[in-house]
Amino acid sequence: MPAFAGAAAMADGHNGTAVLEVQGLTKHFPVRGGLLPGLLSERRFVSAVDGVSFSIGPGESFGLVGESGCGKSTTARLIMRLIEPDRGSIRLRGVELTSLSEAELRPHRREMQIVFQNPYASLDPRMTVEQIVAEPLLTHHLVPRRQVRGRVMELLHAVGLNPYHLGRYPHQFSGGQRQRIGLARALAAGPRLLIADEPVSALDVSIQAQIIGLIQDLQEQYHLSLLFISHNLSVVKYLCSRVGVMYLGRLVEVGTAEEVFERPRHPYTRALLSAIPEPTVEQPRERIILSGDVPSPVNVPRGCRFNTRCPYAERICREQEPVLSDLGHGQRVACHLVAQGRL
Ligand code: SF4
């Protein structure tokens, strides 16, 4: 067992029984540069995910937020090992996944299922709903063959679909219904962890609330741990008990949803939250407009990655990269000034 096993869980306030523990997860993608590839080009890398650590307890919902391109979705794919990490540890119910072969990984992968932003792209258009939902049941031999149809109907009922949908194809459904099919297929595998990667951002606003409510119901009914990835902070605030904020491939703040949303400490978190419409007029929140764009992940700024946009940046911020410091109550923040008690 690696020396850091359980460290992320305990730092997050768990007692070591986390369903998922991610420690030091890192992925850099090579990119080509220069006019003559292979001759004048230097080897450069996109720093997609860099040393990310967090854990999710049983039945807990953990939200991962940040601007587009900050590494949230890559983190999800690394956890599923849909792409291979360069470094780091991924432990699912205590089992280290990064060292497993594809065959060894299969039973563990069943325990973590993912639903994507675009369910249409992840549903085989040539398969009926019955075939799509039955596939995990048959692949993993989860129920006797003669009980498969009954189980599929149970799952369709759980996600709000009807038996007459069994013989239909994905193109015959709306976006919201396709997301329900994706959820039924994910549940069919009997997961302990559900990863939802921007599951409602492609849906009409009127449908989003229905799917969010459904995910919440299913999480409770099936005792799921949830990793919910979204750029929509209002949804994360509503759904998640803990939150991690990512910027340029790094976690900059982790804590309970209450702490992070009510008392954000990292300047980037404060700026993100200041953009949420204020629910009350009595306590108007000052809108913080960040200067400049998010730097390219190919040219990550030296020191604190946020220093090029941070209104409080000092010399130390441009020289040393801050690490996540534990502020107590499971809240961790990567900022020199916060660590020094000056912010
Ligand atoms: Fe801003 Fe410095 Fe804190 Fe980074 S370390 S968030 S630049 S104050």
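## A quick tour: Ser53, helix 2 and the ligand site

Ser53 is buried: its relative accessible area is 11%, and buried here means under 20%. Keep in mind that this is a predicted model. Below, we look at what surrounds Ser53, then at helix 2, and finally at the ligand.

**Ser53 and its surroundings**
- You'll find Ser53 in strand 2, which covers residues 44-56.
- Its side chain reaches the backbone nitrogen of Gly24, at 2.9 Å.
- Leaving aside residues up to four places away in sequence, Ser53 touches Val22, Gln23, Gly24, Leu251 and Arg332.
- So Gly24 turns up twice: as a residue that Ser53 touches, and as the one whose backbone nitrogen the Ser53 side chain reaches.

**Helix 2**
- Helix 2 runs over residues 72-79, and because six of its eight residues are buried, the rest of the structure largely encloses it.
- Which residues of helix 2 are buried? They are Lys72, Thr74, Thr75, Ala76, Leu78 and Ile79.
- Look just past the end of helix 2 and you meet Arg81, which has a positive phi of about 55 degrees.

**The ligand site**
- Where does the ligand sit? It's in the largest cavity.
- Around the ligand you can spot His266, Pro267, Cys304, Phe306, Asn307, Cys310, Tyr312, Ala313, Cys317, Cys335, His336 and Leu337.
- Sort the residues of this shell by type and you get nine nonpolar and three polar, with no charged ones.

Definitions and conventions: Residues numbered from 1 in each chain as written. Predicted model: local features only at pLDDT ≥ 70, side-chain atom pairs only at ≥ 80, totals over all residues. Heavy atoms only, no water. Near = heavy atom within 4 Å. 1 Å grid on protein atoms, 1.4 Å probe; cavity = no way out; pocket = protein on both sides within 12 Å on 5 of 7 lines; lining within 4 Å. Sits in = over half its atoms within 2 Å of the grid points. Nonpolar A, V, L, I, M, F, W, Y, C, P; charged D, E, K, R; others polar. Helix = DSSP H or I, 4+ residues; strand = E, 2+ residues; numbered from the N terminus. Buried < 20%, exposed > 50% of the residue type's maximum accessible area, 1.4 Å probe, protein only. Polar contact = N/O pair within 3.5 Å; in protein donor to acceptor, adjacent residues only side chain to side chain. Contact = heavy atoms within 4.5 Å.
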